[in-house]
Structure formats: C-alpha cells, structure tokens
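Grab a coffee and open the model next to this page. Below are a few short exercises, each with a solution worked out step by step.

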Amino acid sequence: MSSSEGFPVSVLESLVCECPVVLSNIEPHLDLADGKDFINIVDIDNLDELIEIILKFKNMDQTKLYQIRNKCNEFVKNKYSGSTMQKKYI
C-alpha cells in the first residue's frame, strides 16, 4: 500500500498483465480508479478491509475473475497505450 506516489506505473503494469489491484486511497490511485468498478480502493490504515478484498478475490468465481482481469487489461490498453498517449500529447 502506497502512502504517496507520482504516476502509478507499477499499477498500470499490473493491470495490463490482468492482475486485479487493491490500491490505497491516495490521489493518483483515486484518479486512476475513478468510476472503475474493478479497481479496489482502501484506506491505507484499514487492514481489515484490505484482507476482506484479498479474500474476495481468492474465493471469487473463476468466470467473474476472468471478467475483471479482462477489464483491467482493456482499461490500460484503451487509455494508456502508446498510440493513445501520443494522441493526447499532440
């Protein structure tokens, strides 16, 4: 759990590799997760909530987990791909 971060590159790398993430409630993570039901945000000091979310993934139906993993990958590919970022810079 990060207490501060700039641009969350490691989070994007995890997402594009289809790894669901649990993020701390810091500004860069909140911006990234805005409106995304597949990105989990927890208070950095709330260990119980963190454990609850991890166990939710551990016990999740494989079909549901596959859908979340696919959303993670598609989100990064659609919003942060090289061509998308290039268009934003131009």
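### Exercise 1: an unusual loop residue

Start with Glu18, which sits in the loop between α1 and β1 (22–24); helices here (H or I, at least four residues) and strands (E, at least two) are DSSP runs, numbered from the N terminus. Before going on, note that this is a predicted model, where local features need pLDDT of at least 70, side-chain atom pairs count only at pLDDT 80 or more, and totals for chains, interfaces and linings use all residues. Residues are numbered from 1 along each chain as its sequence is written, and side-chain values use heavy atoms, with hydrogens and water left out.

Task: work out what stands out about the phi of Glu18.

Solution. Step one is the background: most residues other than glycine have a negative phi. Step two is the value: Glu18 is not a glycine, yet its phi is positive, about 65 degrees. Step three is exposure: with a relative accessible area of 27%, Glu18 is partly exposed (buried means under 20% relative accessible area, exposed over 50%, partly exposed in between; 1.4 Å probe, protein chains only).

### Exercise 2: two helices that meet

Task: decide how α1 and α4 are oriented to each other, and find the residues that make the contact.

Solution. First get the geometry: helix α1 (residues 9–16) and helix α4 (residues 62–80) pack at about 125 degrees, and their axes are 7 Å apart. Axes are lines fitted to C-alpha atoms, for helices over the stretch in contact, and angles run from 0 to 180 degrees between N-to-C directions. Next, classify: under 35 degrees is roughly parallel, over 145 roughly antiparallel, 65 to 115 roughly perpendicular, and the rest oblique. So α1 and α4 are oblique to each other. Leu12, Leu15 and Val16 of α1 make the contact with Cys72, Asn73, Phe75, Val76, Lys77 and Tyr80 of α4, where contact means heavy atoms within 4.5 Å.

Now zoom in on Asn73 of α4. Not counting residues up to four places away in sequence, Asn73 touches Leu15, Val16 and Glu18. Asn73 counts as buried because its relative accessibility is 10%.

### Exercise 3: buried or partly exposed?

Task: sort His29, Glu49 and Lys71 by exposure, then list what each one touches.

Solution. Take them one at a time.

- His29 belongs to helix α2 (residues 27–33). At 2% relative accessibility, His29 is buried. Leaving aside neighbours within four places in sequence, His29 contacts Ser2, Glu5, Pro8, Val11, Leu23, Ser24 and Ile41.
- Glu49 is part of helix α3 (residues 47–58). Its relative accessibility is 29%, so Glu49 is partly exposed. Beyond residues up to four places away in sequence, Glu49 touches Ile41, Val42 and Asp43.
- Lys71 is in helix α4. Its relative accessible area is 36%, so Lys71 counts as partly exposed. Apart from neighbours within four places in sequence, Lys71 is in contact with Asp37 and Phe38. Lys71 and Ala33 are 38 residues apart in sequence and 12 Å apart in space, C-alpha to C-alpha.

### Exercise 4: zoom out

Task: describe the protein chain as a whole: in what order do its elements run?

Solution. Count first: the chain has five helices and two strands. Then read from the N terminus: α-β-α-β-α-α-α. For dimensions, the C-alpha trace spans about 45 × 30 × 20 Å along its principal axes. Finally, buried residues make up 32% of the 90 residues.
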